[in-house]
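User: I've just opened this one and don't know my way around yet. Can you walk me through it?
Analyst: Sure, here it is.

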Amino acid sequence: MGRVEGFLADQVAAHPNAAALGDSTGVEWSFADLDAASDALAEILSASGVQANDRVLLLSENCAAAVGVLFACWKLDAVVIPVNARQTDAELDRILAHAKPAAVLMTSEVSESAAKHAKRFGATKVAGVFGKLHLANPMPSFPDPDLHDVAVLLYTTGTTGDPKGVMLTHGNLRFGGMASSNLRKMKTGDVIYGVLPLTHVFGLVSVVTAASFAGVKVQQEARFSAQALYAAVMDGVTILPAVPQMHALVMQYAKEQGLAALNSPSLRYVSSGGAPLDPAWKRKAEQFYGLPLQNGFGMTETSSGASATNNVLGSSDISVGPKTPGSEIRIDDQAIGGNGAGEGEVLVRGPHVMKGYYRNPIETAKALDADGWLRTGDLGKIDAQGHLHILGRSKELIIHGGFNVYPPEVEAALNDHPRVIQSAVIGRMVEGDEQVLAFVQIAQGDDLAEKTLSEFVRQRLVGYKRPSRIILGTSLPAAPTGKILKHKLMDAFAHHFT
């Protein structure tokens, strides 16, 4: 499959002066500019001791310089660990302890959060054609041959609350990027709106990697703003990948401006990912955009998309589409006892499936079988047209605002409070999104307030992981073994939601 930086080399050779990147600071880079910026960053990283198979942690919010860091690391055969700069110190420290990066680069020019981390690290400012960043070298170089051909480590959280580094290879990213580009029929002159964080697989593969393969521009935005998104799609953006919450907010913004429909002169492709599509909401969004709203299914372990729709405007299809060409999907009905209805756990195999979890053979063996099938933990079925329908999750993953939220990590933060006995976190569907709800057991007569506990959690979790509601009680529904029965929580506390 080759390497991801080969996409950039191809664009520099074919049309070096074509637009590659813009960002919220006013940067405008051609592919030749991106190549030069990544070369300069590679020199700085090499001089600081970074070698092949070392890890480089990128603490960032979306900007051109962050993309430059990706290609710089790949040119050195180093592995990038993209992490959202809004992570708390505690969250970041867990990743640092596990990954042992030889360098940390922070996009401090566009992110106050990154600048705060830079101060904590005692980082040094570096500047060049790439702009200004901060660099720290918290650990000595420690090349790991197990990371051969790995392009990125994307950290999720395991069932114990410990971080899991998903190893995605250059082949994974290339396959995912090409698949996304082909699905959207990306061509010269296209502009992708890049507000999805490149620290997550959706923004990294379906936006940045796809654009570098197709030779089109990404307009990077550090943080979501409905006003900025609206302005962009009215001024040249042709492709808009987003999560339902973003679509809902831009529709509300337009409504406040007295507009019932977008009427963009350039937008030609809109997609929604990260959460199920409600049929009524889908119709509302399509009326607003005047375009079909495409949907898909994927996860970090599948380099983003495992399936996607290619529907016409007005289609009633709310599936996540057929499988990605070149890959396989099957349903294992034994996950739900073989009910004979064609329902079961979704299994995926193909060039987009991860290499495994870094330094975690036990979790890798649970997820990947000897034949290369990935157990997604999601329940689904395949209809007569070959389209996949996601029915629910066998795992407890919550997708809030397009971000993965893992209940054990939230529960661990709540349980750190000395007056919390135990807690349980679940997701609750609302229009176009999933809320994070926490149910907390405290002692009889304890007057611990939700506000106090919310502030406690605020110091330990990034915003999208924090519970929307914290329900306090003196007991939680439990089995005789003591295991909390999460499926009974809403009924047990129904009076809090009336």
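User: Where is Q87 found?
Analyst: This is a predicted model. In it, Q87 lies in the loop between β4 (79–84) and α4 (89–99).

User: And is Q87 buried or exposed?
Analyst: Buried. Q87 has a relative accessible area of 10%, and the cut-off for buried is under 20%.

User: Which residues does Q87 touch, leaving out those up to four places away in sequence?
Analyst: H117, V462, Y464 and K465.

User: OK, switching to Y357. Which strand is Y357 in?
Analyst: Y357 is in β18, a strand that covers residues 356–357.

User: Buried or exposed?
Analyst: Y357 counts as buried, at 3% relative accessibility.

User: What does Y357 touch, again without residues up to four places away in sequence?
Analyst: Its contacts include K164, G165, V166 and M167. Y357 also touches E301, E363, T364 and A367.

User: How far apart are Y357 and L168, in sequence and in space?
Analyst: In sequence, 189 residues separate Y357 and L168. In space, their C-alpha atoms are 9.2 Å apart.

User: What about long-range contacts over the whole chain?
Analyst: Take the contacts with a separation of 6 or more. Residues 24 or more positions apart account for 68% of them.

User: New topic. How many disulfides are there?
Analyst: The structure holds 0 disulfides.

User: Why is C63 not bonded to C73?
Analyst: The two sulfurs are too far apart for a bond. From the sulfur of C63, the closest cysteine sulfur is that of C73, 13 Å away. A disulfide needs the pair within 2.5 Å, so C63 and C73 do not qualify.

User: And C73, seen from its own side?
Analyst: C73 is in no disulfide either, and its nearest cysteine sulfur is that of C63.

User: Are those cysteines buried or exposed?
Analyst: C63 is buried, with a relative accessible area of 3%. C73 is buried too, at 0%.

User: Let's zoom out. How many helices and strands does the chain have?
Analyst: The protein chain has 14 helices and 25 strands.

User: What does the radius of gyration say?
Analyst: The protein chain has 22 Å. A compact globule of 498 residues would be near 23 Å, so the two agree. The C-alpha atoms fill a box of roughly 65 × 55 × 55 Å along the principal axes.

User: What share of the residues is buried?
Analyst: Of the 498 residues, 55% count as buried. The chain exposes about 20200 Å², and carbon and sulfur atoms supply 52% of that.

User: Last one: how many positive and negative side chains?
Analyst: There are 44 positive and 50 negative side chains. The centres of the two sets lie 3 Å apart.

Notes. Residues are numbered from 1 along each chain as its sequence is written. This is a predicted model: local features need pLDDT of at least 70, side-chain atom pairs count only at pLDDT 80 or more; totals for chains, interfaces and linings use all residues. Side-chain values use heavy atoms; hydrogens and water are left out. Helices (H or I, at least four residues) and strands (E, at least two) are DSSP runs, numbered from the N terminus. The radius of gyration is taken over C-alpha atoms; the globule rule is 2.2 Å times the number of residues to the power 0.38. Buried means under 20% relative accessible area, exposed over 50%, partly exposed in between (1.4 Å probe, protein chains only). Contact means heavy atoms within 4.5 Å. Accessible areas come from the Shrake-Rupley method with a 1.4 Å probe; for residues, only the protein chains shown count as cover. Lys and Arg count as positive and Asp and Glu as negative; His and the chain ends are not counted. The place of a charge is taken as NZ of Lys, CZ of Arg, CG of Asp or CD of Glu.
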